[in-house]
Amino acid sequence: MLEQGNVTELLRTYFPQLSERGLREEIAQVGKVMTFSAGEMIMDYGSYIKLIPLVIQGSIKVSREGDDGEEIFLYYLQGGDACTMTFTCCMRDKQSAIRTIAEDDTQIIAIPTRYMDEWMMKYPTWKNFVMTAYDRRMLELIDTIDQIVFKKLDERLLNYLRKKAQAVGQNTLQTTHQDIADDLNVTRESISRLLKNLEKQHKLELGRNQITLKKL
């Protein structure tokens, strides 16, 4: 992991689109580099959002809880990303409707939410960054809906595993059948059966709390 250092240099490296000097200087003044270990919860349902995370390194899993209490995986955030749900909640002073967990060791630049509106009016590159993030996340959510509505469960499972592998940057995943079932909002038995079928098709290899994808 990176050492906590000069925020301006981190912005140049991971967020080059935030190119206005004044904006970088303000982020450097108010931003704080924070580190989270793999599996650590960053934000939970119902909490009030006080910080906007700009992801420097690592990956964050974003999940949503339904009215029935069931949870479903939405998307991953990686280096260079920001969470649009935090934008929405902080602008409306709403409680969080999502849960974010560090998928692996992760670093972010945390910005106090009170600067969100001010920078939208003041800096074109910040406004463009926010709108681009919204567009990217909307496409991710459309893909998630398409997977649920139009794809068979085995296709959803493979797509989920591939996204997870891309998020952590490796083909071998440390996870359980129950964790996958929870993310996809299906039964563990269904996941176990499909994983065994996919192993027979030589698309992956199963180990103890471990899955290795043959192809990405």
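Is E9 buried, partly exposed or exposed, and what is its relative accessible area? E9 is partly exposed, with a relative accessible area of 43%, where buried means under 20%, exposed over 50% and partly exposed in between, for a 1.4 Å probe and protein chains only.

Before going on, note that this is a predicted model, in which local features need pLDDT of at least 70 and side-chain atom pairs count only at pLDDT 80 or more, while totals for chains, interfaces and linings use all residues. Residues are numbered from 1 along each chain as its sequence is written, and side-chain values use heavy atoms, with hydrogens and water left out.

**Stop 1: helix 1**

Keep E9 selected and add R12, its salt-bridge partner, for which the closest N and O atoms are 2.5 Å apart; a salt bridge here is a side-chain nitrogen of Lys or Arg within 4 Å of a carboxyl oxygen of Asp or Glu. Both residues belong to helix 1 (residues 7–14) and stand 3 residues apart, about one turn of the helix, helices (H or I, at least four residues) and strands (E, at least two) being DSSP runs numbered from the N terminus. An α-helix has 3.6 residues a turn, so residues three or four places apart point the same way. R12 is also partly exposed, at a relative accessible area of 42%. A search of the whole structure finds 10 salt bridges, and some others appear further along the tour.

**Stop 2: helix 2 and helix 4**

Select helix 2 (residues 21–30) next and colour L23, R24, E26 and I27, which are its buried residues. Viewed down the axis of helix 2, these buried residues fall within an arc of 165°, so they line one face of the helix; the arc is that of the directions from the helix axis to the C-beta atoms. On the face turned away from that buried side, the exposed residues are R21 and Q29.

Then select helix 4 (residues 115–122), in which Y115, M116, W119 and M120 are buried. Their arc around the axis is only 135°, which puts them on the same side of helix 4.

A salt bridge between K122 and E26, with the closest N and O atoms 2.8 Å apart, is worth displaying here. Because K122 lies in helix 4 and E26 in helix 2, the pair ties together parts that are 96 residues apart in sequence. The two partners can be coloured by accessibility: K122 counts as partly exposed at 46% relative accessibility, whereas E26 counts as buried at 15%.

**Stop 3: the network around E71**

Move to R99 and E71, which form a salt bridge with the closest N and O atoms 3.0 Å apart. R99 lies in strand 6 (residues 98–102) and E71 in strand 5, so this pair ties together parts that are 28 residues apart in sequence. Adding D44 to the selection completes the network of salt bridges that links D44, E71 and R99. R99 itself counts as partly exposed, at 22% relative accessibility.

From E71, a distance can be drawn to R137, which is 66 residues away in sequence and 18 Å away in space, C-alpha to C-alpha. R137 lies in helix 5 and is buried, with a relative accessible area of 3%.

**Stop 4: two surface patches**

Stay on helix 5 (residues 124–150) and select L139, which lies in it and is exposed at a relative accessible area of 53%. Together M138, L139 and I142 make a nonpolar surface patch of about 290 Å². Patches are made of residues with over 30% relative accessible area and no salt bridge, like charges being joined within 9 Å and nonpolar side chains (Val, Leu, Ile, Met, Phe, Trp, Tyr) within 5 Å; the accessible areas come from the Shrake-Rupley method with a 1.4 Å probe, and for residues only the protein chains shown count as cover.

For a charged patch, select E65, D67, D68, E70, D179 and D182, which gather in a patch of negative charge on the surface. Lys and Arg count as positive and Asp and Glu as negative, with His and the chain ends not counted, and the place of a charge is taken as NZ of Lys, CZ of Arg, CG of Asp or CD of Glu. Within this patch, D68 sits in the loop between strand 4 (59–65) and strand 5 (71–78) and counts as exposed at 61% relative accessibility.

**Stop 5: two backbone angles**

Finish with N185, which has a positive phi of about 60° although it is not a glycine, and which is found in the loop between helix 7 (177–184) and helix 8 (188–200). N209 has a positive phi near 55°, in the loop between strand 9 (204–207) and strand 10 (210–213).
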